[in-house]
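This report walks through a structure for a reader meeting it here. The sequence and the coordinates come before the text.

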Amino acid sequence: MCLPAPSSGTVLCDTDPGTFPPLEEAPVPQLQTDSRPATARRSTSADIALIAVFAALIAALGLAPPIYAFGNAVPITLQTLGVMLAGSILGAKRGTLAVLTFLALVAVGLPLLSGGRGGLGVFAGPSAGYLVGFVFGAYVTGLLTRRFGERDGATSSFLGTLAATVIGGVLVVYAFGVPVQAWRLGLPLPTVAVGAGLFVVGDLAKAVISTLITRGVRRAGVRLPD
Amino acid sequence: MSLPLAVSGDSWLHRMPAGRKLLALLVGEVIVAAAARSVAAATVAVVVAAALWSLARVPVRTAWRSLRLILLVATLVGAAQWWYAGGAPAFVVTSQLVVAVAIAVLVTLTTRTSDLLDALDRGLKPLRHLGVDPARVSLTLALAVTSVPVVGGLLGELRQAARARGIRPGPVVLGVPLVVRTLQHADQLGEALAARGVDD
């Protein structure tokens, strides 16, 4: 039973222990705010671990035997799938750093590119542009996935993530790869573009696979630090 | 995972410090791209590259294995060039391509991975002002190297588990648990790093 107290108008109840401390005395938690701007945030140990492990994932996917899609018709190596996943799952910054880490390991002589290739020769060869494209591709995939692919932070838009992955993981990669290839091979750009077009189908399939995996991982309830 | 690509030896090229070798390679690549544009200049580039290779005394088998892919590409491109533009441009383009790759491969073959990592560490020092911490970069690279067999092992386990259940898993069925378990591994690794004071 509760009655308004005659003097103050406060509602008093039977169960009122009458000893509530005044609200002002309760300690107000001070949120620790980082004075550095968010973009210049130093990588924490969690970030370093994510970057290193995803660089390893890109390598492991390239070394794994190819997976057969479309009723075993098209064998596709999965290295670029790793690049797409780095962007869409880790986000732009960490995804880019994961790709750079992977490429650094290739450059210092580890045979981690699909087909067991590695060393500095691949950066001087005709497909060097694609490797540079991986870096920017992961960045754009991460950036656009954050913008189009995520609703309320929890649920995700399939089409948004797919669009982000196709733009970053396919278009951007080819935008670097094809001109460098044309330059290195001394062939006209359209000729090289037509040749590269044969691989676009496989890469679009990988973009779909990457999007489905990203959705599955989000549904599994994995949350990464921002 | 196969071993690093470098082969041991004690030639003049093997003994050259890694940083200096990388700088020389960079200069060489620029010269080949910018200057080897006539038949005479391209011939000089091929002769110089061949001389460097013979100095390094790389085993023939290793040399063939490292260069066969670019030689195949160069043959195809050379044939296409010959058809399009004639003999001289075909020779220039294929020589440029093969020399550019061959000198880069030569640096990889004659330099230990650990020396290249040290050179990278030193090369990143000037980037300190841009917020790049060479020690953290080195740590990340080392962790990535050790994580390759771990992630490869996860992939193998998942494939075996699927086979045990009589499934031939598609890329998505395999990929979701692979990424989730990779992220779990990263989580444990991150905690181990934090416990060792990496964040301090």
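## Chain B as a whole

Buried residues account for 40% of the 200 residues in chain B. The model described here is a predicted one. The secondary structure of chain B consists of eight helices and zero strands, so the cut-off for a helix, a run of at least four residues, is met eight times. Read from the N terminus, its elements follow the order α-α-α-α-α-α-α-α.

Of the contacts in chain B with a separation of 6 or more, 73% are between residues 24 or more positions apart. The exposed area of chain B is about 11,400 Å², and 66% of that area is supplied by carbon and sulfur atoms.

## Chain A as a whole

Chain A has 226 residues, of which 50% count as buried. Its secondary structure is made up of seven helices and six strands. Along the sequence these elements are arranged as β-β-α-β-β-α-α-α-α-β-β-α-α.

In chain A, 65% of the contacts with a separation of 6 or more link residues 24 or more positions apart. About 11,000 Å² of chain A is exposed, with carbon and sulfur atoms supplying 67% of it.

## Helix H3 of chain A

Helix H3 of chain A covers residues 92-107. Its 16 residues should span 22 Å at 1.5 Å a residue, and the C-alpha atoms at its two ends are indeed 22 Å apart, so the expected and modelled spans agree.

How is H3(A) placed relative to the rest of the structure? It is largely enclosed by it, because 13 of its 16 residues are buried. Just after H3(A) comes Gly109(A), which has a positive phi of about 110°.

## Helix H7 of chain A

Helix H7 of chain A runs over residues 189-219, and Thr214(A) is part of it. Is Thr214(A) buried or exposed? Its relative accessible area is 1%, so Thr214(A) is buried. Its side chain makes a polar contact of 2.8 Å with the side chain of Ser88(A). When neighbours within four places in sequence are left aside, Thr214(A) is in contact with Leu85(A), Ser88(A), Ile89(A) and Thr161(A).

The helix also holds a salt bridge. Lys206(A) pairs with Asp203(A), with 3.3 Å between the closest N and O atoms. Both residues lie in helix H7 of chain A and are three residues apart, about one turn of the helix. Lys206(A) and Asp203(A) are both buried.

## A nonpolar patch on chain A

Which residues form a nonpolar patch on the surface? They are Val132(A), Phe136(A) and Phe176(A), and together they have about 240 Å² of accessible area.

One of these residues, Phe136(A), belongs to helix H5 of chain A, which covers residues 128-149. Phe136(A) has a relative accessible area of 42%, so it counts as partly exposed.

## Salt bridges in chain B

How many salt bridges does a search of the whole structure find? Over all chains the search finds five. Among them is the pair formed by Asp115(B) and Arg112(B), whose side chains meet at 3.4 Å, N to O. Asp115(B) is partly exposed, with a relative accessible area of 27%, whereas Arg112(B) counts as exposed at 54%.

Another salt bridge joins Asp133(B) and Arg136(B), with the closest N and O atoms 3.7 Å apart. Asp133(B) has a relative accessibility of 24% and is therefore partly exposed. Arg136(B) is buried, with a relative accessible area of 12%; this value falls under the 20% cut-off for a buried residue.

## A positive phi in chain B

Arg57(B) is a residue other than glycine that has a positive phi, near 50°. Where is Arg57(B) found? It sits in the loop of chain B between helix H3 (39-56) and helix H4 (60-85). The relative accessible area of Arg57(B) is 60%, so this loop residue is exposed.

Note on methods
Residues are numbered from 1 along each chain as its sequence is written. Chains are lettered from A and ligands numbered from 1 in the order in which they are written. This is a predicted model: local features need pLDDT of at least 70, side-chain atom pairs count only at pLDDT 80 or more; totals for chains, interfaces and linings use all residues. Side-chain values use heavy atoms; hydrogens and water are left out. Patches are made of residues with over 30% relative accessible area and no salt bridge: like charges are joined within 9 Å, nonpolar side chains (Val, Leu, Ile, Met, Phe, Trp, Tyr) within 5 Å. Accessible areas come from the Shrake-Rupley method with a 1.4 Å probe; for residues, only the protein chains shown count as cover. A salt bridge is a side-chain nitrogen of Lys or Arg within 4 Å of a carboxyl oxygen of Asp or Glu. Buried means under 20% relative accessible area, exposed over 50%, partly exposed in between (1.4 Å probe, protein chains only). The expected span of a helix is 1.5 Å times one less than its number of residues. Contact means heavy atoms within 4.5 Å. A polar contact is a pair of N or O atoms within 3.5 Å; within protein, one must be able to donate a hydrogen and the other to accept it, and residues adjacent in sequence count only if both atoms are side-chain atoms.
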